[in-house]
Amino acid sequence: MKPGAAAQPPQPFFLDGGADARFCLYYPPASFPDAPACRGAIVYLHPFAEEMNKSRRMASLQAAALAADGYAVLRIDLHGCGDSAGDFGDATWDSWLADVDRASRWLRDRLGATLSEAPAIWGLRLGALLALDHARRAAEAPAFLLLWQPVTSGAVFLTQFLRLAVASQMLTADGGAGGGTAALRTQLAEGYALEIAGYLLNPALAAAIDAHDAGAMPPPCPVHWLEVVPEAGRPLPSAAARIVGRWQDAGILVDARAVPGPQFWATQEIATCPALLDQTRHVLQPLHHAAG
Amino acid sequence: MQPDELALSFPCAGDWLTGILSPAGDAPQRGVLIAVGGPQYRAGSHRQFALLARSLATRGIPALRFDYRGMGDSTGEQRDFTDVDADLRAAIDAFCARVPSLREVVIWGLCDAASAALFYAGQDERVKGLVLLNPWARTEAGLAGTTLRHYYRARLLQPDLWRKLVSGRFDWRAAAGGFFRLAGKALRRPASAPAESPGLHERMLRGMRAFGGNVLLIDSGNDLTAREFLDMAGASPAWRRLLAAPQVQRRTLAEADHTFSRRAWRDQVADWTADWVRAW
């Protein structure tokens, strides 16, 4: 591959204003003399709550790398997250789905005729589950999905998040007489919002997360599925392997790989996973050649 | 209606920093630069910095929050709080360029951003105020001493510990090992301590001495980092004198943890900050 034009810095902007303002970063594609103006467009969906903050650096590095490879990348902070308008406690699954549509539309408008397919969606953790839900609803299927460590069961993920509140109760003076995650689920079911690790979780969002399952959302497009494992040679986690197998049996093109590295969305300090960055660039190369 | 926030990209030593300006008021003269501490980016843990900036803006105080080089959405190599002078200067330049009426900047910093603000403030005459929250003053010996003083004393007062002792479920070996390891570190003379954070306390003290402006010091009652800073300052006649000066105000949020992880605590910090910024 010939080197592309010098990478431009990311362009931060707000998509719309007021209550609709969504913070975005656009990474313009580097151009190559022997390739079409743009290899494709990709929308990035961040993970949930503090995982988004911790993974910000990795998202930046990967977006810049993909732009250098000729992709146009748009990162969007979903409703009530990051620098976007709204409180976290106001966000709903539907408002997030609407944001994915807006981001995808923005890239289409920006790139116009140079784009031959609908933008791909790349999601990390809960962002990957949201990407799957978007893909099955979209009028035009995304070019592909890039799933990083997807949350496969919304219910299991919600329980893990609720455990943060249980742990916090146990550290306070009243000694955690709260009754565990089951009691918290009851409060949510009764319509009460919960403040967990500094985030106000609204009951409608919790119910939507609870109800979404990756296995039940076979995508209408090819999938690159990447999992981070503690060391090289480890297989895909069994929950992921089961879903990948089922989708492949259904005729969906799924390329699943495991790469070694730290769980950068959850580490105490900011961590990066170079193997994931490299592998992502690698798996996205053949698509271009096949299409071009 | 509150004006929309602006997304900024500004240069710093060959890299590009990403920031958000929350504009406010009619030709404001004083603004708040929110510096980011710890493993965070400009939105802050549970969005504390984003919410703080908006809260200040609704009260007529413009605010800018941004990512250092190599953090969050900014380009460049990762770095820590000891090496961000150029980043702070670039951010204040961008702040003043976007808000031309600005004459005075307050740097607001939590944890190691408070320490970074102390290092920088005396070098930039535009900086007239500092809001320091749970400043980071960790050295190995200091941490051990603070843990002994605060954690073990608190443990001894917990009914749960005494229940475990009576029922025989207390892990004596682990507890004694932890205690003696810490005691060894705490009792070691500072002169023989390893140079694990070369001159952190001295550099903070130099920064505080070099800064002639106003300071608001906020500490969380439930935070070891804050206790370490206060223990360090309390043991130093120079710090005691500096903190007793009339331009220094103190606030303690007794219930709060290190990152002010509840809405009530965040709101209290935002109120104290806004009131203080408008008070001088």
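These are my notebook entries on a predicted model with chains A and B.

**Entry 1: confidence**

I started with the scores, since this is a predicted model. The model comes with ipTM 0.93 and pTM 0.89. For chain A I noted a mean pLDDT of 92, with 92% of its residues at 70 or more. Chain B has a mean pLDDT of 88, and 82% of its residues reach 70 or more.

Then I looked for the poor stretches. In chain A, pLDDT stays under 50 over residues 286-292. I count 6 contacts beyond four places in sequence for that stretch. In chain B the stretch I flagged is 189-196, again with pLDDT under 50 throughout. Residues 189-196 of chain B have 5 contacts beyond four places in sequence.

**Entry 2: the sheet of chain A**

Next I traced the strands in chain A. In what order do the strands of the open sheet run? I read E1-E2-E4-E3-E5-E6-E9-E10, which makes 8 strands with mixed pairing. E1 and E10 (254-260) of chain A are at the edges with a single partner strand each, so one side of each has no neighbour in the sheet. From one strand to the next, the twist averages 20 degrees.

I picked one strand pair to follow by residue. E3 (residues 40-45) and E5 (residues 120-124) of chain A run parallel and are paired over 4 bridges. Within E5(A), Ala120(A) is the bridge partner of Ile42(A).

I also checked what packs on this sheet. H2(A) does, and it touches E2, E3, E4 (71-76), E5 and E6 (145-148) of chain A. The direction of H2(A) makes about 155 degrees with that of E4(A).

**Entry 3: the sheet of chain B**

On to chain B, where I found an open sheet of 8 strands with mixed pairing. My order for chain B reads E1-E2-E4-E3-E5-E6-E7-E8. Which strands are at the edges in chain B? They are E1 (6-12) and E8 (248-253), each paired on one side only. The twist here averages 20 degrees from one strand to the next.

In chain B I followed E3 (residues 30-35) and E5 (residues 104-110), which are parallel and joined by 6 bridges. Leu33(B) has Ile107(B) as its bridge partner in E5(B). Helix H1 (residues 48-58) of chain B lies across E2 (15-22), E3, E4 (63-66) and E5 of that chain. I noted an angle of about 165 degrees between H1(B) and E4(B).

**Entry 4: where the chains meet**

How many residues of each chain are in contact with the other? I get 35 residues of chain A against 35 residues of chain B. The two chains bury about 2,500 Å² between them, with 47% of it on carbon and sulfur atoms. On the chain A side, Phe14(A), Arg57(A) and Asp83(A) lose the most area to chain B. Together they make up 22% of what that side buries.

For polar detail, I found 25 residue pairs in polar contact between chain A and chain B, both residues at pLDDT 80 or more. The elements of chain A that give two or more residues to the side touching chain B are E1 (11-15), E2 (22-27), H1 (50-54) and H2 (56-68). H1(A) gives the most to that side, with 4 residues.

**Entry 5: salt bridges**

Last, the charged pairs. Side chains of opposite charge can pair when their charged atoms come close. Between chain A and chain B I count 4 salt bridges. Asp83(A) pairs with Arg65(B) in a salt bridge, the closest N and O atoms being 2.6 Å apart. I had already met Asp83(A) among the residues that lose the most area to chain B.

Searching the whole structure gave me 31 salt bridges over all chains. One that I wrote down is Arg56(A) with Asp73(B), whose closest N and O atoms are 2.9 Å apart. Why does this pair join two chains? Arg56(A) is in H2 of chain A, while Asp73(B) is in the loop between E4 and H2 (85-98) of chain B, so the pair spans both.

Methods:
Residues numbered from 1 in each chain as written. Chains lettered and ligands numbered in written order. Heavy atoms only, no water. Pairing = 2+ DSSP bridges. Axes fitted to C-alpha atoms, helices over the stretch in contact; angles between N-to-C directions. Contact = heavy atoms within 4.5 Å. pLDDT = per-residue confidence, 0-100. Buried area = accessible area lost by both parts, 1.4 Å probe. Salt bridge = Lys/Arg side-chain N within 4 Å of Asp/Glu carboxyl O. Polar contact = N/O pair within 3.5 Å; in protein donor to acceptor, adjacent residues only side chain to side chain.
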